[in-house]
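Dear colleague,

I am handing over the structure below, together with an account of what a look through it turned up. Please read the notes alongside the coordinates, and tell me if anything is unclear.

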Amino acid sequence: MVLVEGWMPPTRENYEKILFIWKLLYPAIGSAQFIIKWYGMGKTSKPSRFNLPGRLGWFLMEVPGFATLLYIMKTLPKMHGIDDLPWQNRVLAGLFVIHYSYRAVIFPFIQPSMAPIHILVSSMAIGFQLFNGTCIGSYLAAYGPVTEAAWAAQSPLPQFVGGIALFYVGLASNYFHDEELRDIRRRENHRQERLKAQSQNVNGSREVERHYQIPRAGLFKYMLFPHYFCEWVEWFGYWMAAGWVCVPARTFLVNEIFTMLPRAINGKRWYIEKFGEEKVGKKWAVIPGIW
């Protein structure tokens, strides 16, 4: 079923237009975070009538990417007379779905707590996901290699397997460091519940100040945002598997870096303001030896 004639799924001409916009738009938006301090999500979120509950906002802004990719993978091949895609196309589509099944569906509901998300942040993330799902989905469904010979020329089997292995290393490492952050939140939630119970017994109910910690496990010993770094490793592996000429995969990685790097640098400033430079030490924000 065609949702928007010529655009969803896109014709090849419109795919090229969407990909061109995707290459230019989000690096510009991400770079703006270097000069705009406001960011309506996470530790820096502020009370606002335009805030969404954290779990709901996260779910809504992450789901469109893999939903779009699945829709295009289902519809576009038939429109181009492709009866059966090579296994590489299906594997890469599957990896995309695996990542976002965790990020969109599992991640928000296993978090001990989630700060509200401003609707503007959520809307920008939805745009990111729609562009990404459309470009990668269209490439895998019809506009990239669709024969075994084309794959052998673009990404020989050793390269493809190596890229998939790197993807899984990044995925597992990303989960490990997410779990370290969750463990800190669990301990903090238990501490707050205990103090609230004590204060109710003594003085009645009162607000308990939230305490933050600097994570220590894994790559947190060396950087403050290793979960960002590991996600970049993951998508670098994806690009490697898809072939170095795969523009959608490369653009996704570049856009992730432009979006997340300013956030990490601003996050390091937040840690220094909160804990002092001595406690933060010489930890990088996210890129070893650089930031």
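A residue is called buried when its relative accessible area is under 20%, exposed when that area is over 50%, and partly exposed in between. Arg187 has a relative accessible area of 39%, and therefore counts as partly exposed. Please keep in mind throughout that this is a predicted model.

Arg187 is a convenient place to begin with the charged pairs, since its partner in a salt bridge is Asp183, with the closest N and O atoms 2.5 Å apart. Both residues belong to helix 6, where they are separated by 4 residues, or about one turn of the helix. Asp183, with a relative accessible area of 30%, is likewise partly exposed because that value falls between the two limits.

A further salt bridge joins the side chains of Arg186 and Glu179, at 2.9 Å from N to O. Arg186 is partly exposed because its relative accessibility is 29%, and Glu179 is partly exposed because its relative accessibility is 26%. These pairs do not stand alone, in that Glu179, Arg182, Asp183, Arg186 and Arg187 are linked in a network of salt bridges.

The whole structure holds 7 salt bridges. One that deserves separate mention is formed by the side chains of Asp178 and Arg103, again with 2.9 Å from N to O. This pair connects distant parts of the chain, for Asp178 sits in helix 6 (residues 157-202) and Arg103 in helix 3 (residues 87-110), the two being 75 residues apart. Asp178 and Arg103 are both buried.

Turning to the nonpolar interior, the largest core comprises 59 residues, of which Leu92, Phe96, Leu140, Trp235, Tyr238, Tyr271 and Val286 touch the most other members. At least two residues of this core come from each of helix 1 (12-31), helix 2 (54-79), helix 3, helix 4 (119-143), helix 6, helix 7 (226-242) and helix 8 (247-275). Helix 8 makes the largest contribution, with 10 residues.

For Tyr271, leaving aside residues up to four places away in sequence, the contacts are Lys43, Gln213, Ile214, Pro215, Leu224, Phe225, Gly276 and Val280. There is also a second, separate core of 10 residues, which includes Tyr39, Trp58, Tyr102 and Val121.

With best regards

Conventions. Residues numbered from 1 in each chain as written. Predicted model: local features only at pLDDT ≥ 70, side-chain atom pairs only at ≥ 80, totals over all residues. Heavy atoms only, no water. Salt bridge = Lys/Arg side-chain N within 4 Å of Asp/Glu carboxyl O. Buried < 20%, exposed > 50% of the residue type's maximum accessible area, 1.4 Å probe, protein only. Core = buried A, V, L, I, M, F, W, Y, C linked by side-chain atoms within 4.5 Å. Contact = heavy atoms within 4.5 Å.
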